[in-house]
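Okay, thanks for coming, everyone. I'll walk you through a structure that's new to most of you, so settle in and have a look at the screen.

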Amino acid sequence: MSDNKQTSRLYPTRIDIPAEARSQIVAILNQTLAATLDLKTQAKQAHWNVKGTDFYQLHELFDEIAGELEEYVDMVAERVTALGGYAFGTARLAASNSILPEYPLDILDGKNHVTALADRFAAYGKHIREAIAKTNDLGDADTADLYTEISRTIDKRLWFLEAHLQVAEIKAENGSVAAKTPATVR
């Protein structure tokens, strides 16, 4: 976040997690709040603008994904305030503090939207897994559990997105995507 002191400030609470740990956890949660809001609006961008033969299927998938992310926005913001923090969840704060790259505004094709969202879900999933470890290390099993719940859904959604792309990809033996060459692509 742009001002760590601001995003980690606390108000008085009787919760039994030490203030120093809560301050760090609140800062992590506010970073997640920004990224989650950003990812939700990027999914809506894809939902509104997708075109092509898979329009309806992708239009519905992107809307469903955005709805799930909206639930996580609320869960993360409420966890911030339960810990005695201040949730920083305006659109402007999300845009300026998100870990995600800007969504491309010049794409229409379904596959391009799926690729753009898959890239962002992968980065977001990595952030969530790192937050599980950090909040657990700070002694907050409840926040780590919240992150674990989010992680399961994000990984599932990444799987759904990647399933649209994997048919055309040639895979290496270990499951990573291999480089395509003219001889291997049919």
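Let's start with one residue, arginine 79, which you'll find in helix H3. Before I go on, keep in mind that this is a predicted model. So, is arginine 79 buried or exposed? It's buried: its relative accessible area is 14%, and the cut-off for buried is under 20%. And what does arginine 79 touch, once we skip its neighbours within four places in sequence? The list is Ile17, Leu29, Asp140, Asp142, Thr143 and Leu146.

Now let me zoom out. The protein has six helices and zero strands, and if you read the elements from the N terminus on, you get α-α-α-α-α-α. There are 186 residues in the protein, and buried ones make up 42% of them. Here's another number for the overall picture. Take the contacts between residues at least 6 apart in sequence: 73% of those join residues at least 24 apart.

Back to H3, because tyrosine 72 lies in that helix too. Tyrosine 72 counts as buried, at 6% relative accessibility. Leaving aside neighbours within four places in sequence, tyrosine 72 is in contact with Thr36, Glu149, Ile150 and Thr153. Compare the chain with the space here: tyrosine 72 and leucine 33 are 39 residues apart in sequence, while their C-alpha atoms are 8.4 Å apart.

One of those contacts, Ile150, brings me to the core. How many residues are in the largest nonpolar core? There are 45, and the members that touch the most others are Phe62, Phe121, Tyr124, Ile150 and Leu161. The elements giving two or more residues to this core are H2, H3, which runs 55–82, helix H5 at 110–137, and H6. H2 gives the largest share, with 12 residues.

Let's look at phenylalanine 121 from that list. With neighbours within four places in sequence set aside, phenylalanine 121 is in contact with Leu39, Ile65, Leu69, Ile154, Arg157, Leu158 and Leu161.

Next stop, serine 151. You'll find serine 151 in helix H6, residues 141–163. Serine 151 has 8% relative accessibility, so it counts as buried. Leaving out neighbours within four places in sequence, serine 151 is in contact with Ile128, Arg129 and Ile132.

On to the aromatics. How many aromatic pairs does a search of the whole structure find? The search finds two. In one of them, tyrosine 11 and tyrosine 86 sit edge-to-face, 5.6 Å centre to centre, with 85 degrees between the planes. Tyrosine 11 is in the loop between helix H1 (4–7) and H2, and tyrosine 86 is in the loop between H3 and H4, so this pair ties together parts that are 75 residues apart in sequence. As for accessibility, tyrosine 11 counts as partly exposed at 30%, and tyrosine 86 also counts as partly exposed, at 31%.

Then there's tryptophan 159 with phenylalanine 160, an edge-to-face pair at 5.1 Å centre to centre and 65 degrees between the planes. Tryptophan 159 counts as exposed, with 53% relative accessibility, whereas phenylalanine 160 counts as partly exposed at 28%.

Now, the pocket. The largest pocket holds about 280 Å³ of space. Of the 17 residues that line it, the closest to its centre are Asp38, Thr41, Gln42, Ala95 and Glu102. Which helices each supply at least two residues of that lining? Those are H2, at 19–49, and H4, at 91–97. H2 provides the largest share, six residues. If you sort the lining by type, you get nine nonpolar residues, six polar and two charged.

I'll finish on H2, where glutamine 45 is found. Glutamine 45 is partly exposed, with a relative accessible area of 23%. Its contacts, without neighbours within four places in sequence, are Tyr103, Leu105 and His113. And how far apart are the C-alpha atoms of glutamine 45 and proline 104? They're separated by 9.4 Å, and the two residues are 59 apart along the chain.

That's my tour. Let's open it up for discussion.

Note on methods:
Residues numbered from 1 in each chain as written. Predicted model: local features only at pLDDT ≥ 70, side-chain atom pairs only at ≥ 80, totals over all residues. Heavy atoms only, no water. 1 Å grid on protein atoms, 1.4 Å probe; cavity = no way out; pocket = protein on both sides within 12 Å on 5 of 7 lines; lining within 4 Å. Points joined across faces, edges and corners; volume = space filled by probe spheres on them. Helix = DSSP H or I, 4+ residues; strand = E, 2+ residues; numbered from the N terminus. Nonpolar A, V, L, I, M, F, W, Y, C, P; charged D, E, K, R; others polar. Buried < 20%, exposed > 50% of the residue type's maximum accessible area, 1.4 Å probe, protein only. Contact = heavy atoms within 4.5 Å. Core = buried A, V, L, I, M, F, W, Y, C linked by side-chain atoms within 4.5 Å. Phe/Tyr/Trp six-rings, centres within 6.5 Å; stacked < 30°, edge-to-face > 60°.
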